[in-house]
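Please read this note with the structure open beside you, and look up each residue as it is named. The points are numbered so that you can take them one at a time.

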Amino acid sequence: MSELWNGLQAGLGGVLSFFYDLVPNYGVAIILLTIVVNLLVFPLTLKQVRSTRAMQELQPEMERIRRELQGDQQAMNERVMELYKQRGVSPFGCFLPLLVQMPIWFALFRVLREPASSLPSGSALLEAAGEGTLRFLTMDLDLAPSEVVSTEGLFSLTTIPYLLVVGVVVATGFLQQKLLSPPGQAQSTNPQAETIQRVTKILPLVFGAISYVWPSGLNLYFATSNVFRTAQQLLIFKIDGRPGTTSGDVGPAPEPPEDGSKPSKPQGSRKKRRRRRRR
C-alpha cells in the first residue's frame, strides 16, 4: 500500500515538473494537471450525470413503492434496491468522480507540503520550491488561507486572492448542484434519496471549510476542477439534455373534450372574424 502511495506522489510530482518545464508557473502547472485528471475521469463524470438523470426519472415509481409499503421500512428498502438493480442505477453514482480523486487530493497535499520528497531531483520545479518562488497571482501556493488570515488579517489586500479562490470553490460547487437539479424539483420523500440530496447540498460548504485550511495550491486544483466539470456538465446536457427535461418540450397539448367534439377556439379569434364580416 505504501508503495502505491509513494508511486502516486512521485507520479504527481513528475507531471507537475513536466508542466512546469513547459510553462514555468506553478499555478499554471497545477491547472494543467487538474485538466488532465478531469479528462481521465470524464467517463465517471458522464456516468454521474446520467445516473442523476436516471434517479430523477425513477422518483415517481419510488414514490409509488413508498405509498404501497408505507410502514414496512425493510420491504420498502428491498423494493427500492431491486428497482435500482433492474434499471442499472447506483444511488451513490454521483460521488464516483469525487471518490476517485480523493487519493489525488491527499497526494497533492503532500507534494505541496513536502516537495523535496515528491519532486524529481534536479528538476526546475524542485529548485524553485527551494528558493521559495512558487507563487501564483501574488499567492504563496504552499500556504493555507487560514495561515494568511492569521498573519495578515482578514481584510488585508494580501489575503483577498486566497479568499477569492475559496469563494470560487464554494460558488462553482453550488453551480454544479444547481445544474444537476431539474427546474422545480420537489423534495423527495424517500429516506435514501432525501439523504443523498442533503449530502450533495452541503458538499460545497464542506469543500469551502476544507479549502480554508488546506494549501492554496490544492484550492486552485479544487476551483479549476469545479470550473472544468461544470463545462463538462454543460457539454453532456447539450448531448443528452438537462436532467428533468426532454428535447423539444413545449408544454402539454390541450386535451380534447370528452364528447369527441373539436376543441373550441379562443373567444378573441371569434371577435376578429365578426369584425371582418362587418367590414
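1. Thr138 sits in the loop between β1 and β2, and in this predicted model the residue has a positive phi of about 70° although it is not a glycine. This deserves a second look, because most residues other than glycine have a negative phi. As for its surroundings, Thr138 has a relative accessible area of 56%, and since exposed means over 50%, it counts as exposed.

2. Leu137 lies in that loop too, between β1 (135–136) and β2 (139–140). Its phi is near 50°, which is again a positive value in a residue other than glycine. Is Leu137 buried or exposed? With a relative accessibility of 60%, Leu137 counts as exposed.

3. A positive phi also occurs just after helix α10, where Gly241 takes a value of about 95°. The helix before it, α10, covers residues 216–240, which makes 25 residues, and from its first C-alpha to its last it reaches 35 Å, close to the 36 Å expected at 1.5 Å a residue.

4. For the chain as a whole, the secondary structure comes to 11 helices and 2 strands, and read along the sequence the pattern is α-α-α-α-α-α-β-β-α-α-α-α-α. Of the 279 residues, 40% count as buried. The accessible surface comes to about 16600 Å², and 61% of it belongs to carbon and sulfur atoms. If you take the contacts between residues at least 6 apart in sequence, 76% of them join residues at least 24 apart, and the points on Ile30 and Asn25 below give particular cases to look up.

5. Helix α1 (residues 2–22) is a good place to study how a helix packs. It has 21 residues and reaches 30 Å from its first C-alpha to its last, close to the 30 Å expected at 1.5 Å a residue. Its buried residues are Gln9, Leu12, Gly13, Leu16, Ser17, Phe19 and Tyr20. When you look at the spacing of these numbers, bear in mind that an α-helix has 3.6 residues a turn, so residues three or four places apart point the same way. Which helices do the buried residues of α1 pack against? They pack against α2, α5 and α6 (124–131).

6. Ile30 belongs to helix α2 (residues 26–40), and its relative accessible area is 0%, which means that it is buried, the limit being under 20%. Leaving aside residues up to four places away in sequence, Ile30 touches Leu16, Leu112, Leu141, Gly217, Leu220 and Tyr221. One of these, Leu16, is among the buried residues of α1. Another of these partners, Gly217, is 187 residues from Ile30 along the chain, yet the two C-alpha atoms are separated by 7.2 Å.

7. Asn25 is placed in the loop between α1 and α2. Its relative accessible area is 25%, so it is described as partly exposed. Beyond residues up to four places away in sequence, Asn25 touches Tyr20, Arg135 and Phe136. Arg135 is 110 residues away from Asn25 in sequence, while in space the two are 7.7 Å apart, C-alpha to C-alpha.

8. Pro115 is found in the loop between α5 and α6. Its relative accessible area is 19%, and because buried means under 20%, Pro115 counts as buried. Not counting residues up to four places away in sequence, it touches Arg110, Leu126 and Ala129. Pro115 and Glu127 are 12 residues apart in sequence, and their C-alpha atoms are 9.9 Å apart in space.

9. The last point concerns the second largest pocket, which has a volume of about 180 Å³. Its lining consists of Phe95, Leu98, Leu99, Met102, Trp105, Phe106, Leu203, Val206, Phe207, Ile210 and Trp214. By class, these are 11 nonpolar residues, with no polar and no charged ones. Which helix gives the most to this lining? It is α5, with 5 residues, and both α5 (96–113) and α9 (191–213) supply at least two residues each.

Notes:
Residues numbered from 1 in each chain as written. Predicted model: local features only at pLDDT ≥ 70, side-chain atom pairs only at ≥ 80, totals over all residues. Heavy atoms only, no water. Helix = DSSP H or I, 4+ residues; strand = E, 2+ residues; numbered from the N terminus. Expected span 1.5 Å × (residues − 1). Buried < 20%, exposed > 50% of the residue type's maximum accessible area, 1.4 Å probe, protein only. Contact = heavy atoms within 4.5 Å. Areas by Shrake-Rupley, 256 points an atom, 1.4 Å probe, with all protein chains shown as cover. 1 Å grid on protein atoms, 1.4 Å probe; cavity = no way out; pocket = protein on both sides within 12 Å on 5 of 7 lines; lining within 4 Å. Points joined across faces, edges and corners; volume = space filled by probe spheres on them. Nonpolar A, V, L, I, M, F, W, Y, C, P; charged D, E, K, R; others polar.
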